[in-house]
Amino acid sequence: MTFDQLKRQRSVFYLACLAAFICLMTIKLSYFVPTVMSMGQIYFLVKCLALLISCKFIFLDDLSIKAKLLTVTAIIIFYFLAKISQDSNVFYYAILIVGAFDVDFDKILKTYIFTVVITILYIIFACWTKIIPEQIVPRAGQFHFLRLSLGFLTPTDLAARCFYLLTAYCAWRKLSLIKWEKIGALLFTILVFSLTNSRLDLIMMLLLLLIVIKPNLFKQLLAKLQFQGLAILTAFYVFLNVALAYFFNPHLAWFRVLDHILSSRLTFGNIALRQHGVSLFGQYVAEHSNGDLVPPTNYFYVDSSYIRLLVISGIVISLIVTAVTFYLLWRLNDSHSTSLLFFLLLALISSAIDQHLVEVSYNIVLLAVFAKLPREDHFSSLKFY
């Protein structure tokens, strides 16, 4: 294949690398590691894919030398910041965002949906055939409710993955699901909850279904809010999430109730903010999660993406992720890509209770920063006078 032919096929090249990356990062968060593959093998392949995607951007994309140099410099900075915190999610996500330049986002969505479905089914099959183990745990105080992980690290991981998968599918269908798709989505939601008993992910999936059932109502709300309103609400929501954890007081009854509803997320968020603090360039924080077959007695894990970014990734990375998020809010609103805008908003809401905002095998929507966006013209007619 000549260089010109390779350049014309650069989107296909990127999508192939993206599919392999998503597959590996999904397997990484299952009991395939270390039962079948080691974490070292996973990350060796991930690094190779990151290098290939970087080559696509540097050699194949039509951008100025100055833009490429600035971008490569930024990625190098991300790399060294990731070394400090020992959390590489933002670093790899940055490479994937840059690599998605000029790639049709509808194709990215289709690649994501196909890859995640195949990988989930493969992991579940491996679990059922006893190739890999699974975690079966009761909900605290409710031993008659068994929560299944089906080969993933925890039942909550499986539920969150299913929520993001369903959200991506609805975005790909531009929220225009026909009757059997809506019924299928509802049955899928019920199945996921019955297997994982994940209450917070159930709420998120029901909110998604509500949007799909009444899309025009929510589109009119977006048309009224516009970017300014969405930006203000997003900033307030993130601030409130962090503030509730920081000022959490277990001696107050309403705080205890809220913490129970949020499965102790305020407790651990408070510990992270108070005991570890917030640094400029990030820090390593030792966590002990339920991802082991025998849950640790000294459990400590920060589920909120916003608190993780502040405490682990640091202020610099947090500000960059915030800037990217607000830019994407503006871009999706300005281009009338309403289905993707709903995707982003749901991801932002969910990120208060999960750690998946910058994990591409869950949340794919941030790749829309430089990708080609689908336009939904009917949105432009929804105005308030």
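This is a short talk about the predicted model of one protein, with a stop at its aromatic rings.

Okay, hi everyone. Keep in mind as we go that we're looking at a predicted model.

Let's start with the whole thing. How many helices and strands are there in the protein? There are 15 helices and 2 strands. The radius of gyration is 21 Å, and the globule rule gives 21 Å for 385 residues, so the protein is as compact as a globular protein of that length. If you draw a box along the principal axes, the C-alpha atoms fill roughly 60 × 55 × 45 Å.

Now, the inside and the outside. Of the 385 residues, 52% count as buried. The protein exposes about 18400 Å², and 69% of that comes from carbon and sulfur atoms. And take the contacts with a separation of 6 or more: 74% of them are between residues 24 or more positions apart.

Here's a bit of background: in soluble globular proteins, nonpolar side chains tend to be buried together. In our model, the largest nonpolar core has 120 residues. Which residues have the most contacts inside that core? They are Tyr14, Ile108, Ile364 and Leu367.

Let's stay with tyrosine 14 for a moment. Leaving aside neighbours within four places in sequence, tyrosine 14 touches a whole list of residues, including Ile53, Leu96, Val103, Ile108 and Leu367. Lys56 is on that contact list too, and the charged end of lysine 56 sits over the ring of tyrosine 14, 5.6 Å from the ring centre.

While we're in this part of the sequence, have a look at threonine 111, in helix H7, which covers residues 105-128. Threonine 111 has 15% relative accessibility, so it counts as buried. Outside its close sequence neighbours, meaning those within four places, threonine 111 is in contact with Leu15 and Ala19.

Right, on to the rings. We describe a pair of aromatic rings by the distance of the centres and the angle of the planes. This structure holds 16 aromatic pairs. Let me show you tyrosine 164 and tyrosine 362: the ring centres are 6.3 Å apart and the planes are at 75°, so this pair is edge-to-face. Why does the pair tie together parts that are 198 residues apart in sequence? Because tyrosine 164 lies in helix H8, residues 155-172, while tyrosine 362 lies in the segment after helix H15, which is 338-350. Both tyrosine 164 and tyrosine 362 are buried. Tyrosine 362 also has a charge to deal with: the charged end of arginine 161 sits over its ring, 3.9 Å from the centre.

Now put another pair beside that one. Tyrosine 246 and phenylalanine 247 have ring centres 5.0 Å apart and planes at 85°, so this pair is edge-to-face as well. Buried, partly exposed or exposed: which word fits each partner? Tyrosine 246 is at 34% relative accessibility, so it counts as partly exposed. Phenylalanine 247 is at 54%, so that residue counts as exposed.

There's also a group of rings. Phe21, Tyr43, Tyr79, Phe80, Phe91 and Tyr92 form one aromatic cluster. Phe91 gives us a link to isoleucine 76: those two are 15 residues apart in sequence, and their C-alpha atoms are 8.7 Å apart in space. Isoleucine 76 is found in helix H5, residues 65-85, and is partly exposed, with a relative accessible area of 44%.

Last topic, the backbone. Where is there a cis peptide bond? Go to the bond from valine 33 to proline 34, where omega is near 5°. Proline 34 is in helix H3, which runs over residues 32-35.

Then there are two residues with positive phi that aren't glycines. Glutamine 86 has a phi of about 60° and is found in the loop between H5 and helix H6, 89-99. Leucine 150 has a phi near 50° and lies in the loop between strand S2, 142-148, and H8. So which of the two is buried and which is exposed? Glutamine 86 is exposed, with a relative accessible area of 58%, whereas leucine 150 is buried, at 7%.

That's my tour. Happy to go back to any of these residues on the screen.

Note on methods: Residues numbered from 1 in each chain as written. Predicted model: local features only at pLDDT ≥ 70, side-chain atom pairs only at ≥ 80, totals over all residues. Heavy atoms only, no water. Phe/Tyr/Trp six-rings, centres within 6.5 Å; stacked < 30°, edge-to-face > 60°. Helix = DSSP H or I, 4+ residues; strand = E, 2+ residues; numbered from the N terminus. Buried < 20%, exposed > 50% of the residue type's maximum accessible area, 1.4 Å probe, protein only. Lys NZ or Arg CZ within 6 Å of the ring centre and 35° of its normal. Contact = heavy atoms within 4.5 Å. Rg over C-alpha atoms; globule rule 2.2 N^0.38 Å. Areas by Shrake-Rupley, 256 points an atom, 1.4 Å probe, with all protein chains shown as cover. Core = buried A, V, L, I, M, F, W, Y, C linked by side-chain atoms within 4.5 Å.
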